[in-house]
Structure formats: structure tokens, C-alpha cells
Amino acid sequence: MSRANRGERAQASVEVVALAPALALVLLCAWQAAVAGWALTAAESAARAGARAALVGRSPGDAAYAALPVSMRAGATASESGGRIVVTIRVPSVVPGFAPEISSSAPVVRQ
């Protein structure tokens, strides 16, 4: 094998080592985005469950809390404001230091 071929193989190794952390960061961010989407869907579902409970005279907060996945119940709040049930949850964190809150609301339709 010539010296030129050995140098090219070393270059490929350097490129892989340089790009591996960037690829890991992109994958971690994509995973966090997927978890945030799941949290938003869960908040929307809980708000609708709370609105249905309010319609039939039950506690909207209890119904919203029960509709949330167990992993999202800690710190979740449900309140009624202006004829709407508002559910706020903290997004489970995959990226350290990143823990935003997401809110969703659903109207309480009185018949």
C-alpha cells in the first residue's frame, strides 16, 4: 500500500470522528422534538377530557389529570378560564436543561 492510500484512510477516520458528535446532537434534538410533540398531543387530549367532564358536571381537573400519561402528571395543572379548560404540562426532557411547559385548551360547550 502506498503512502497516499494510508493518508486517505486516515482522513476518512478524522471525518468520522468530527461528524459523530454532530450526528449525535441532531439525533438528540430530533428525539426531543418527538417527545415535545407527544406532550402537546397529551395536553390536547387531557384538555378535551376535562371539557367533556365539565359538560356532564364532573370535575374537569380530575378528568384532565387522569387522561394524562403517568410520566406527565407531575406538575401538571388544569384550570377553567373563560369557558375553556386549560391544561399545562412540563415536557419530559431528553436534552439536559431543556424543560419547557406546553399548554393546550378546549372549550366547554354548554347545551
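## Contacts of Leu 40

Two residues are in contact when heavy atoms lie within 4.5 Å of each other. In this predicted model, Leu 40 is in contact with Ile 102 and Ser 103, once its neighbours within four places in sequence are left aside. Leu 40 belongs to helix α1. With a relative accessible area of 35%, Leu 40 is partly exposed, because that class lies between the limits of under 20% for buried and over 50% for exposed. The C-alpha atoms of Leu 40 and Ser 81 are 19 Å apart in space, and the two residues are 41 apart in sequence.

## Overall architecture

The protein chain contains two helices and three strands. Read from the N terminus, the order of these elements is α-α-β-β-β. The C-alpha trace spans about 85 × 25 × 20 Å along its principal axes. The radius of gyration of the protein chain is 23 Å, whereas a compact globule of 111 residues would have a value near 13 Å.

Among contacts between residues at least 6 apart in sequence, 49% join residues at least 24 apart.

## Surface and charge

Of the 111 residues in the protein chain, 24% are buried. The accessible surface amounts to about 7200 Å², and carbon and sulfur atoms account for 62% of that area. The protein chain carries 10 positive and 6 negative charges, and the mean positions of the two sets are 4 Å apart.

## The nonpolar core

The largest nonpolar core has 19 residues, of which Ala 39, Leu 68, Val 87 and Ile 89 touch the most other members. Two or more residues of this core come from each of α1 (3–55), β2 (84–90) and β3 (101–107). The greatest contribution is that of α1, with eight residues.

Beyond residues up to four places away in sequence, Val 87 touches Ala 43, Ala 46, Ala 47, Ala 64, Thr 77, Ala 78, Ile 102, Ser 103 and Ser 104.

## Two buried residues of strand β3

Ile 102 is located in strand β3. Its relative accessibility is 16%, so Ile 102 counts as buried. When residues up to four places away in sequence are not counted, Ile 102 touches Ala 36, Ala 39, Leu 40, Val 87, Thr 88, Ile 89 and Val 91. Ile 102 and Gly 37 are 65 residues apart along the chain, and their C-alpha atoms are separated by 9.8 Å.

Ser 104 also has its place in strand β3. The relative accessible area of Ser 104 is 10%, and this residue is therefore buried. Outside its neighbours within four places in sequence, Ser 104 is in contact with Ala 43, Glu 44, Ala 47, Ile 85, Val 86 and Val 87.

## A buried loop residue

Val 91 is situated in the loop between β2 and β3. This loop residue is buried, with a relative accessible area of 2%. Apart from neighbours within four places in sequence, Val 91 is in contact with Gln 32, Val 35, Ala 36, Ala 39, Ala 99, Pro 100 and Ile 102. Val 91 and Ala 51 are 40 residues apart in sequence, with a C-alpha to C-alpha separation of 22 Å.

Terms used
Residues are numbered from 1 along each chain as its sequence is written. This is a predicted model: local features need pLDDT of at least 70, side-chain atom pairs count only at pLDDT 80 or more; totals for chains, interfaces and linings use all residues. Side-chain values use heavy atoms; hydrogens and water are left out. Helices (H or I, at least four residues) and strands (E, at least two) are DSSP runs, numbered from the N terminus. The radius of gyration is taken over C-alpha atoms; the globule rule is 2.2 Å times the number of residues to the power 0.38. Buried means under 20% relative accessible area, exposed over 50%, partly exposed in between (1.4 Å probe, protein chains only). Accessible areas come from the Shrake-Rupley method with a 1.4 Å probe; for residues, only the protein chains shown count as cover. Lys and Arg count as positive and Asp and Glu as negative; His and the chain ends are not counted. The place of a charge is taken as NZ of Lys, CZ of Arg, CG of Asp or CD of Glu. A nonpolar core is a set of buried Ala, Val, Leu, Ile, Met, Phe, Trp, Tyr and Cys residues joined through side-chain atoms within 4.5 Å.
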